[in-house]
Amino acid sequence: MAVRSFLAFDYGVKRVGVASGNTLLGRATPLKTISVDGDARFAAIGKLLAEWQPDALVVGVPFHPDGAEHENTLKARRFARQLHGRFRLPVHEVDERYTTTEALGQGAADADAAAAAIILEQHLRSLAAPPESA
């Protein structure tokens, strides 16, 4: 199976954490946090995509602890659709409950980028997991 590379995003209204990783290593590395919005945000993402040339993107989608959606769930999904529309890459959504808390608990200097790495590692684990038998 070919190695696939990803950029992952921990979406926030004010900041977006970014991480990179691939299926060969099965690990993700925090890259940076983008602290601009609107077209400037997508321009910064475009530069990262040009530099890293990922095969696909991963976006963390937040939910309430009970799994219910909330306002930021809808915003993160809209961001995922915008990424797909602008950059024409596949976009995978990952449940990102507690990733920022986990990143802070690990002492991350950049919690948003570290949360993006946790999100990406969840996705990489799901790709490596054997399919569930019916």
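In this predicted model, strands S2 and S3 make up a hairpin with five residues between them. Gly-26 sits in the turn and has a positive phi of about 70 degrees. S2 and S3 run antiparallel and are joined by six bridges, with S3 covering residues 28-34. Within this pairing, Ser-20 has Thr-29 in S3 as its bridge partner, and Val-16 stands opposite Ile-34 in S3.

**The sheet**

The hairpin belongs to an open sheet of five strands, ordered S3-S2-S1-S4-S5, with mixed pairing. S3 and S5 (91-95) are the edge strands, each pairing on one side only. On average, neighbouring strands of this sheet are turned by 25 degrees against each other, direction ignored. Helix H1 packs on the sheet and touches S1, S2, S3 and S4. The direction of H1 makes about 150 degrees with that of S3. Strands of a sheet pair through backbone hydrogen bonds, either parallel or antiparallel.

**The nonpolar cores**

The largest nonpolar core has 19 residues. Those that touch the most other members are Leu-7, Phe-9, Ile-45, Leu-57, Phe-79 and Leu-83. At least two residues of this core come from each of strand S1 (5-10), strand S2 (16-22), helix H1 (38-52), strand S4 (56-61) and helix H2 (71-87). Apart from this core lies another, of 12 residues, including Phe-6, Ala-8, Ala-56 and Ala-116.

Leu-7 has contacts in several parts of the chain. Residues up to four places away in sequence are not counted here; beyond them, Leu-7 touches Val-18, Ala-19, Ser-20, Leu-31, Leu-48, Leu-49, Trp-52, Pro-54, Ala-56, Leu-57 and Val-58. Ser-20, the bridge partner of Thr-29, is thus also listed among the contacts of Leu-7.

**The largest pocket**

The largest pocket has a volume of about 230 Å³. It is lined by 14 residues, of which Asp-10, Tyr-11, Pro-62, Glu-96 and Thr-100 are the closest to its centre. Helix H3 (residues 99-105) gives the most to this lining, with three residues.

**Two residues outside the cores' lists**

Gln-53 is located in the loop between H1 and S4. Its relative accessibility is 60%, so Gln-53 counts as exposed. Not counting residues up to four places away in sequence, Gln-53 touches Ser-5 and Leu-48.

Asp-95 lies in strand S5. Because its relative accessible area is 30%, Asp-95 is partly exposed. Its contacts, leaving aside neighbours within four places in sequence, are Val-61, Phe-63 and Gln-122.

The table gives one C-alpha pair for each of these residues.

| C-alpha pair | Places apart along the chain | C-alpha separation |
|---|---|---|
| Gln-53 and Phe-6 | 47 residues | 8.4 Å |
| Asp-95 and Arg-77 | 18 residues | 11 Å |

Phe-6, in the first row, is also one of the members of the core of 12 residues.

Methods
Residues are numbered from 1 along each chain as its sequence is written. This is a predicted model: local features need pLDDT of at least 70, side-chain atom pairs count only at pLDDT 80 or more; totals for chains, interfaces and linings use all residues. Side-chain values use heavy atoms; hydrogens and water are left out. A nonpolar core is a set of buried Ala, Val, Leu, Ile, Met, Phe, Trp, Tyr and Cys residues joined through side-chain atoms within 4.5 Å. Buried means under 20% relative accessible area, exposed over 50%, partly exposed in between (1.4 Å probe, protein chains only). Helices (H or I, at least four residues) and strands (E, at least two) are DSSP runs, numbered from the N terminus. Contact means heavy atoms within 4.5 Å. Two strands pair if DSSP finds at least two bridges between them. Axes are lines fitted to C-alpha atoms, for helices over the stretch in contact, and angles run from 0 to 180 degrees between N-to-C directions. On a 1 Å grid over the protein atoms alone, a cavity is a set of points where a 1.4 Å probe fits but cannot get out, and a pocket is an open set with protein on both sides within 12 Å along at least five of seven lines; lining residues have an atom within 4 Å of a point. Grid points are joined across faces, edges and corners, and a volume is the space filled by probe spheres set on the points.
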